[in-house]
Amino acid sequence: MPLAPTTSPPDGHVAPAHRVRPGATLATTAAATALTTVAYTAPTASLAATAQAAHLDAAGRTWILTGTLVGISALLLTAGSLADDHGRKRVFTIGVLLLAAAEALAALTPGGAVYLTARVLLGVASAAVLAPALGLISHAHPTGPERIRALGVWGAAVGLGIAVGPVYGALVQQWAGWRAVSAGIAVASAVVAACAVTALTESRAERPRALDPYGVLALAAGTSLLIAGLAEGRTGWTQPVVPALLVSGALLLAAFAAVEARTAEPMLDLALFRSPGFLAATGGALFTGLSLVGFMSYLPTLLQGVLGLSGPAAGGVLALWSGLSVVSALQARRLAAHLSATAQVALGLLVCGVGELGLYGLTPDSSWLRPAPGLAVAGIGSGVLNAALARLAVGSVPAHRAAMGSGANNTARYLGSALGVAVTVAVTGSARPGAPGPDAAARALAAGADRAVLVAAALCLAGALLALAARTAERRAAARPETAADAEAAAEAEATGPSRKSAPTR
C-alpha cells in the first residue's frame, strides 16, 4: 500500500507519529461498514423464518430489526465524540470486535430473548464502527479529489452491504440455517478487526473534551424510547404504551438539546445548526432515512406479499436498487467538479423520488420485472446521495470533529429510517380488502403499497427542497465575504476561549 507523507495535510490535521496508509485505511473502514449493513439487513428477506426458528412471536419479529436501530441510534453521536477525543482507531477496533461478539452470541443463542439482546449489541457495535469511519478516512486522505474518491468508496460500501445482506441472509438461512447467517458475519468481523489493529493509524483531537454524561444519558434514553414507540405503533397506534413512549422520547430529546446548550463542552455543538452545510448534512440524512431507507427496508415484505416472491427472490430484486447504488457512488466523484455536496444531496433525493414513483401500480399479476426500472433509477440516486452525505458529514464540521459529524449524520439517518419504516407500515396497512377472492389480501396490500410509494416520493421532494434551501443560504453567505469572514473570526475567537478551546487533530 502507498504511504501518506508525514507533512500536515491542508485541512488542519497534524501529522501522526508514524505514516498513514490511505489504501489500507479505506479498505478496512469500507469493509467494516459493509459488514454492519450486511448484519443489519441479513434477516429482512427471511424475517418470518428467522423469528420462527428463534421462537419469537409477531412482536419479537418486529424487534429483530428495531433492537439494532435502538442500539445504533442511541450511541452513534456518543461514539463519534469518544472517537474524536480518545482515538478513532481505538473506538473503531472495539466496535468491530463487538460486532464479532454480537454475531457470535446470535449464532449460539439458546432462545429468542438472547437473540434480541444480540441484535441490540449489534447496534451498539455498529455505532462504534460507523461513527469513527469517516474520521479515519478524512484523516488519511487530505482535502481534495482523493478524499472525494475515498468518501465515494465508503458510500458504495453502504450500498454494497444493503445489496448483499438480504440475499446472503436468505440463502444461508435456507441452506445452512439461521445460526449460520450470524456465524459467517462473526468470522468476517474477526478478520476485519485484525486488519484494523495492523492497518489503521490512530488520530484524535489534541485536547480531549470532558465527558458529557447528562447529554449521553438524555440522547440514549430519548432515541431508544422514540424508536421503541415507533416499533410498538406498528401493531396498533391506540395502545396506551405507544404515546407514552413517543412523548417520553420527545421530552428526553428536548432535554438533550437543553443540556447541550448549557454545557461548556457539549457532545454536539448546537451552533453547528446555523451552518447551511451541517443543516443539509443532517436534514438530508434524516430525509434519506424517512423516504428511502425506511421504505426500502419494508419493500421485500411487500414484494413477497404482493408478487408472491420467495425471500431470496425478493432480496435479489431489492439488490437491483442497492447494487446500482454501489456503482453510482463510485462514479459520484465526477459530479464534485460541477456540483457542491449540498446540491448533490438535492439531486440525489429528487432522482430517488422519481425512482420510487416507478414502483407505483404493482399488482399480484405483475412480474418481478415490473419494479425493476424504478429500482434502477432509485439506485442511481441513492449512490449519488450516499457519496454526497459522506462529503457533507466531514466537510460541515471542524476537522478535529470529523467523527462527531459522522455520528450526527448517521444518527439522523437511522432515526429517519425507524420513522420511515413506521410510516410505511402504517400507510400500507391502512388499505382494506375489497371484493373477496383468493388474492384479496394481496390486492389490499398492493393498494397500501401504492399509498406508501406516494408518501415516500413526497418525502424525497421535501428533503430535496430542504437541501436546495441550504444551498441558497450557502450562496448568500459566499456573496458576503466580509460578513462571512467576520462571523468566522468571531466563531474562532469564541471557540478558543478558556471554556470552549478547540485544538487540531494529531
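**Helix 7 and its surroundings in a predicted model**

On one side of helix 7, Val-187 and Thr-198 are exposed. The buried residues of this helix lie on the other side. They are Trp-178, Val-181, Ser-182, Ile-185, Ala-186, Ser-189, Val-192, Ala-193, Ala-196 and Ala-199. These buried residues share a side of helix 7 because they cover an arc of only 160° around the axis. An α-helix has 3.6 residues a turn, so residues three or four places apart point the same way. The cover over the buried residues of helix 7 includes helix 1 (22-41), helix 2 (47-53), helix 4 (88-108), helix 5 (112-140) and helix 6 (145-176). The length of helix 7 was also checked. Helix 7 runs over residues 178-199 and holds 22 residues. At 1.5 Å a residue, the helix should span 32 Å. The end C-alpha atoms are 32 Å apart, which agrees.

The model is predicted. The protein chain contains 16 helices and zero strands. It has 506 residues, and 55% of them are buried. Among contacts with a separation of 6 or more, 81% join residues 24 or more positions apart. The chain exposes about 19600 Å². Carbon and sulfur atoms supply 68% of that area.

Contacts between parts of the chain distant in sequence can be followed from Ser-73. Ser-73 sits in helix 3 (residues 58-86). With a relative accessible area of 0%, Ser-73 is buried. Neighbours within four places in sequence aside, Ser-73 is in contact with Thr-223, Ile-227, Thr-411, Tyr-414 and Leu-415. The last of these, Leu-415, belongs to helix 14 (residues 402-428). With the neighbours within four places in sequence again left aside, Leu-415 touches Ser-73, Thr-223, Leu-226 and Ile-227. Thr-223 and Ile-227 are thus in contact with Ser-73 and also with Leu-415. Leu-415 and Leu-226 are 189 residues apart in sequence. Their C-alpha atoms are 8.7 Å apart in space.

A search of the whole structure finds five salt bridges. One of them joins Asp-84 and Arg-88, with the closest N and O atoms 2.9 Å apart. Asp-84 is buried, at a relative accessible area of 0%. Arg-88 is also buried, at 0% relative accessibility. This charged pair therefore has both partners under the 20% limit for burial.

Another salt bridge links Glu-146 to Arg-149, and here the closest N and O atoms are 3.4 Å apart. Both residues are in helix 6. They are three residues apart, so about one helical turn separates them. Glu-146 is partly exposed, at 45% relative accessibility. Arg-149 is partly exposed as well, at 30%.

A similar spacing occurs in helix 15, where Glu-474 and Arg-471 are three residues apart. About one helical turn therefore separates this pair too. Glu-474 forms a salt bridge with Arg-471, the closest N and O atoms being 3.3 Å apart. At 23% relative accessibility, Arg-471 counts as partly exposed.

Helix 15 (residues 440-478) also takes part in a nonpolar patch on the surface. The patch is formed by Leu-350, Leu-461, Leu-465 and Leu-468. Together these leucines have about 350 Å² of accessible area. Helix 15 gives the most to the patch, with three residues. One residue of the patch, Leu-465, lies in helix 15. Leu-465 is exposed, because its relative accessible area of 51% is over the 50% limit.

One loop residue completes the survey. His-55 is found between helix 2 and helix 3. Its phi is near 60°, a positive value in a residue other than glycine. Most residues other than glycine have a negative phi. At 69% relative accessibility, His-55 counts as exposed.

Conventions: Residues numbered from 1 in each chain as written. Predicted model: local features only at pLDDT ≥ 70, side-chain atom pairs only at ≥ 80, totals over all residues. Heavy atoms only, no water. Patch = residues over 30% accessible without salt bridge, like charges linked within 9 Å, V, L, I, M, F, W, Y side chains within 5 Å. Areas by Shrake-Rupley, 256 points an atom, 1.4 Å probe, with all protein chains shown as cover. Salt bridge = Lys/Arg side-chain N within 4 Å of Asp/Glu carboxyl O. Helix = DSSP H or I, 4+ residues; strand = E, 2+ residues; numbered from the N terminus. Buried < 20%, exposed > 50% of the residue type's maximum accessible area, 1.4 Å probe, protein only. Contact = heavy atoms within 4.5 Å. Expected span 1.5 Å × (residues − 1). Arc of directions from axis to C-beta.
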